[in-house]
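I opened this notebook to record what I looked up in the structure. The entries follow the order of my reading.

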Amino acid sequence: MKDQELWSKLKAGDKKSLREIYDLHLEYLLQYALRFSRNEDLIQDCIHDLFVEIWNRRERLGETNAIRPYLIVSLRRKLIRQLQKGQKKEELSEVAGFGMEEGVEALHIKGEESSIRAEKLKNAMQQLSSRQREAIFLKFYEEMDYHEVAATMDINYQSVRNLIFNGIKKLRDILVAILTFIIFFQKL
């Protein structure tokens, strides 16, 4: 069933549609939220609350032909609000920083050379800001276009382009420095 049809049925009060949406997207939402926090209880509560709110507001929901981006944006906002409660602003970037470990480690790496490259990429990614990591993850791992990334991150289109451009530039600089270092020491 297409997202648009499923969403329309949900808005009309079909509980089976809500359940189907939940079943289709739960695992993805859990994995996405784990990049912001390791508190699985908090994550599960936020996801549960999200679906309760969707059901309770179903008559007022707008139309969509892509459910997953809608859920991601809603969950992201809800999770960050929950993480902000009781946190100082400077601590929030630590708590709600977007992690890339799982994305890189989830790649099926074959051979020692590939694992070395993946480890270097993972280390280089850690040197980016959490916003840059999140934008790059959404663009290249989730294959979203710039407009979808902007909507998901709740920032404007040009900010997404800047985050990704600057992140890739920084990754390139870091990886070139590592490669130069390796080549230098191999010649010794």
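Entry 1. Before placing any residue, I noted that helices are DSSP runs of H or I of at least four residues, numbered from the N terminus. I also noted that the model is a predicted one.

Entry 2. I looked up D45 and found D45 in helix 3, which covers residues 40-56. I then asked whether D45 is buried, partly exposed or exposed. D45 counts as partly exposed, because its relative accessible area is 48% and the partly exposed class lies between under 20% for buried and over 50% for exposed.

Entry 3. I next asked which residues gather with D45 in a patch of negative charge. The patch lies on the surface and holds E40, D41 and D49 together with D45. A residue joins such a patch only with over 30% relative accessible area and no salt bridge. The 48% of D45 therefore satisfies the cut-off for area.

Entry 4. I turned to the interior and looked up the largest nonpolar core. The core has 45 residues, and L10, I21, I54, L71 and L79 are those with the most contacts inside it. Several helices supply at least two residues each to this core, among them helix 1 (3-11), helix 2 (15-33), helix 4 (67-84) and helix 10 (157-187). Which helix gives the largest share of this core? Helix 3 does, with eight residues.

Entry 5. I then looked up the salt bridges. How many are counted? The count comes to eight. I recorded three of them in the entries below.

Entry 6. In helix 1, I examined E5 and K9, which lie four residues apart, about one turn of the helix. Their side chains meet in a salt bridge, at 3.9 Å from N to O. E5 is partly exposed with a relative accessible area of 42%, and K9 is partly exposed at 32%.

Entry 7. In helix 2, I examined R19 and D23. A salt bridge joins their side chains at 3.3 Å, N to O. The two residues are separated by about one helical turn, because they are four residues apart in this helix. D23 is partly exposed, with a relative accessible area of 48%.

Entry 8. In helix 10, I examined D173 and K169. Their side chains form a salt bridge with an N to O distance of 4.0 Å. Being four residues apart in helix 10, D173 and K169 are about one helical turn from each other. D173 has 43% relative accessibility and counts as partly exposed; K169 counts as partly exposed at 36%.

Definitions and conventions. Residues are numbered from 1 along each chain as its sequence is written. This is a predicted model: local features need pLDDT of at least 70, side-chain atom pairs count only at pLDDT 80 or more; totals for chains, interfaces and linings use all residues. Side-chain values use heavy atoms; hydrogens and water are left out. Patches are made of residues with over 30% relative accessible area and no salt bridge: like charges are joined within 9 Å, nonpolar side chains (Val, Leu, Ile, Met, Phe, Trp, Tyr) within 5 Å. Accessible areas come from the Shrake-Rupley method with a 1.4 Å probe; for residues, only the protein chains shown count as cover. Lys and Arg count as positive and Asp and Glu as negative; His and the chain ends are not counted. The place of a charge is taken as NZ of Lys, CZ of Arg, CG of Asp or CD of Glu. Buried means under 20% relative accessible area, exposed over 50%, partly exposed in between (1.4 Å probe, protein chains only). A nonpolar core is a set of buried Ala, Val, Leu, Ile, Met, Phe, Trp, Tyr and Cys residues joined through side-chain atoms within 4.5 Å.
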